[in-house]
Amino acid sequence: MIPYGRQTISEKDISAVVEVLRSDYLTQGNVVPEFELALSQYCGARYGITTNSATSALHLACLALGLGDQDWLWTTPISFVASANCGRYCGANVDFVDIDPQTYNLSVDALKRKLETARQSNKLPKVLVAVHLAGQSCHMREISSLAKEYGFSIIEDASHAVGGKYLGKPIGSCEFSDISIFSFHPVKVITSAEGGMLVTNSSELAENLALLRSHGITRDASLMSSAPDGEWYYEQIDLGFNYRMSDVHAALGLSQLVNLDDFIARRHSLAKRYDEQLEQLPLMLPYQDPGCYSAYHLYIIRLKLDKLTKTRRQVFTSLRESGIGVNVHYIPIHRQPYYQNTGIAYDPLPHAERYYEEAISLPLFPDLSLSSQDQVTQALVEALQ
Ligand SMILES: *Cc1c(COP(=O)(O)O)cnc(C)c1O
């Protein structure tokens, strides 16, 4: 089976991990801060805080932004469930903004309309999670000006998007958001096996995130309510978690970072090749926004069902039977039983519903060979007939 995504691990990556295994510190050593510094600098953000997953990073971001149980978090329905669950971890209500039919990211127009209505009913969101689907940035400048007008905070869920750019700047610069988060799950753009990172330009948020990541415990005397009893002394000043990344994981992430630009260049060249091979088929190919340079985590096609006799399910099954590990990103989150049972009456999300009927993710990863890619194209041509 040719998978839809796969990590690329070099001998250099393996040596970097082994080196940590031979060292004194497997966790809470120097490699975590090195990785945090390297990626935050790459993004042009002031602070980087690693976590053991992007899901924990999203949870911490919501906590640090003060999200609580009377609040609303809004996000896109076309994402992994973690983009919404972070709101529920804080007891907040979660609602969804429909997608743009061209980019499949959260639609700025739909957001504007929903904010208007929410203002009237006093249900404005406290936090918006903007997800850069497939690695292409949302229209952050417009979203950020709405955030100023309506007073909500912005988390960029850039799980797909490390290494991408928006208006010439790296995704994660946080120019138009409070916090951006990345995932280093093996299927994503670079990996630390499991892992995530938050980046921000706010020293206050960064300090709070670091505290919450490690039990809410501080060794900084200036934050304590009593004078230290001795050198062993620490205080727990908030309710935090153990969401730390280990140095073993950070070593892999840091080593992978060196290859990030090459990985993305390779993804772009494979994507361009798909564009050329698939151009004549009854498909909608991934639209590339002129202001964006996608990290191309996913290559998503949409079937033009009115020009086909097959359903998405038939095409999907036929591809899987030909050994092509296609996938669907994503089942709209509001359709999940958990979200159906929250008692919230979601507004209609017609673009997300339609997208879900038509979308298939084709294999795309740096090590995908041209002959495997040709096999995917051939199988797709046959599946559509
Ligand atoms: C993968 C993913 C996550 C969660 O990442 P983990 O590191 O596996 O916790 C969150 N949001 C999106 C959009 C993702 O694709």
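Colleague: In which loop is Ala193 found?

Modeller: This is a predicted model. Ala193 is found in the loop that runs between strand S9 (179-183) and strand S10 (196-200).

Colleague: What is notable about the phi of Ala193?

Modeller: The general idea comes first. Most residues other than glycine have a negative phi, and most peptide bonds are trans. In Ala193, phi is near 75 degrees, a positive value in a residue other than glycine.

Colleague: Is Ala193 buried or partly exposed?

Modeller: Ala193 counts as partly exposed because its relative accessibility is 35%; the partly exposed class lies between the buried limit of under 20% and the exposed limit of over 50%.

Colleague: Where does Leu167 lie, and what is its phi?

Modeller: Leu167 lies in the loop between strand S7 (165-166) and strand S8 (169-170). Phi of Leu167 is near 50 degrees, again a positive value in a residue other than glycine. Leu167 is partly exposed, since its relative accessible area is 40%.

Colleague: Which residues does a cis peptide bond join?

Modeller: The bond between His329 and Tyr330 is cis, with omega about 10 degrees. Tyr330 lies in the loop between strand S16 (324-325) and helix H11 (337-340).

Colleague: Let us turn to the ligand. How many residues surround the ligand, and which are the closest?

Modeller: To read such a site, one may begin with the residues around the ligand and then consider individual atom pairs. Here the ligand is surrounded by 15 residues, of which the closest are Thr55, Asp157, His160, Ser183 and Lys188. Sorted by class, the shell holds five nonpolar, eight polar and two charged residues.

Colleague: Which atoms of the ligand lie 3.3 Å, 2.8 Å and 3.0 Å from side-chain atoms of Ser159, Ser183 and Lys188?

Modeller: For Ser159, a polar side-chain atom lies 3.3 Å from a nitrogen atom of the ligand. For Ser183, a polar side-chain atom lies 2.8 Å from an oxygen atom of the ligand. For Lys188, an N or O atom in the side chain is 3.0 Å from an oxygen atom of the ligand.

Colleague: How much of the ligand does the protein bury?

Modeller: Taken alone, the ligand exposes 380 Å², and the protein buries 92% of that area. The space taken by the ligand is the second largest pocket.

Colleague: Which elements give two or more residues to the shell around the ligand?

Modeller: Those elements are helix H3 (54-64) and helix H4 (82-89).

Colleague: Where does Phe80 lie, and is Phe80 buried or partly exposed?

Modeller: Phe80 lies in the loop between strand S3 (72-75) and H4. Phe80 is partly exposed because its relative accessible area is 48%. From Phe80 to Gly91 there are eleven residues in sequence and 19 Å in space, C-alpha to C-alpha.

Colleague: How should one read separation in sequence beside separation in space?

Modeller: One sets the two values side by side for a given pair. The C-alpha atoms of Ser318 and Ala383 are separated by 5.7 Å, with the two residues 65 apart along the chain. Ser318 lies in helix H10 (residues 312-321) and counts as partly exposed because its relative accessibility is 21%. For Thr51 and Tyr339, 288 residues apart along the chain, the C-alpha atoms are separated by 26 Å. Thr51 lies in strand S2 (residues 47-51) and counts as buried because its relative accessibility is 0%.

Colleague: Are the side chains of Lys114 and Arg302 placed in buried or exposed residues?

Modeller: Both residues are judged by relative accessible area, with buried meaning under 20%. Lys114 is buried because its value is 11%, and Arg302 is buried because its value is 6%. Lys114 is found in helix H5 (residues 108-120), whereas Arg302 is found in strand S15 (residues 299-303).

Colleague: What do the side chains of Lys114 and Arg302 reach?

Modeller: The side chain of Lys114 makes a polar contact with the side chain of Asp347, at 3.2 Å. The side chain of Arg302 reaches the backbone oxygen of Pro101 at 3.4 Å.

Methods: Residues are numbered from 1 along each chain as its sequence is written. This is a predicted model: local features need pLDDT of at least 70, side-chain atom pairs count only at pLDDT 80 or more; totals for chains, interfaces and linings use all residues. Side-chain values use heavy atoms; hydrogens and water are left out. A residue is near a molecule or strand if one of its heavy atoms lies within 4 Å of it. A polar contact is a pair of N or O atoms within 3.5 Å; within protein, one must be able to donate a hydrogen and the other to accept it, and residues adjacent in sequence count only if both atoms are side-chain atoms. Accessible areas come from the Shrake-Rupley method with a 1.4 Å probe; for residues, only the protein chains shown count as cover. On a 1 Å grid over the protein atoms alone, a cavity is a set of points where a 1.4 Å probe fits but cannot get out, and a pocket is an open set with protein on both sides within 12 Å along at least five of seven lines; lining residues have an atom within 4 Å of a point. A molecule sits in a cavity or pocket if more than half of its atoms lie within 2 Å of its grid points. Helices (H or I, at least four residues) and strands (E, at least two) are DSSP runs, numbered from the N terminus. Ala, Val, Leu, Ile, Met, Phe, Trp, Tyr, Cys and Pro count as nonpolar, Asp, Glu, Lys and Arg as charged, and the others, Gly among them, as polar. Buried means under 20% relative accessible area, exposed over 50%, partly exposed in between (1.4 Å probe, protein chains only).
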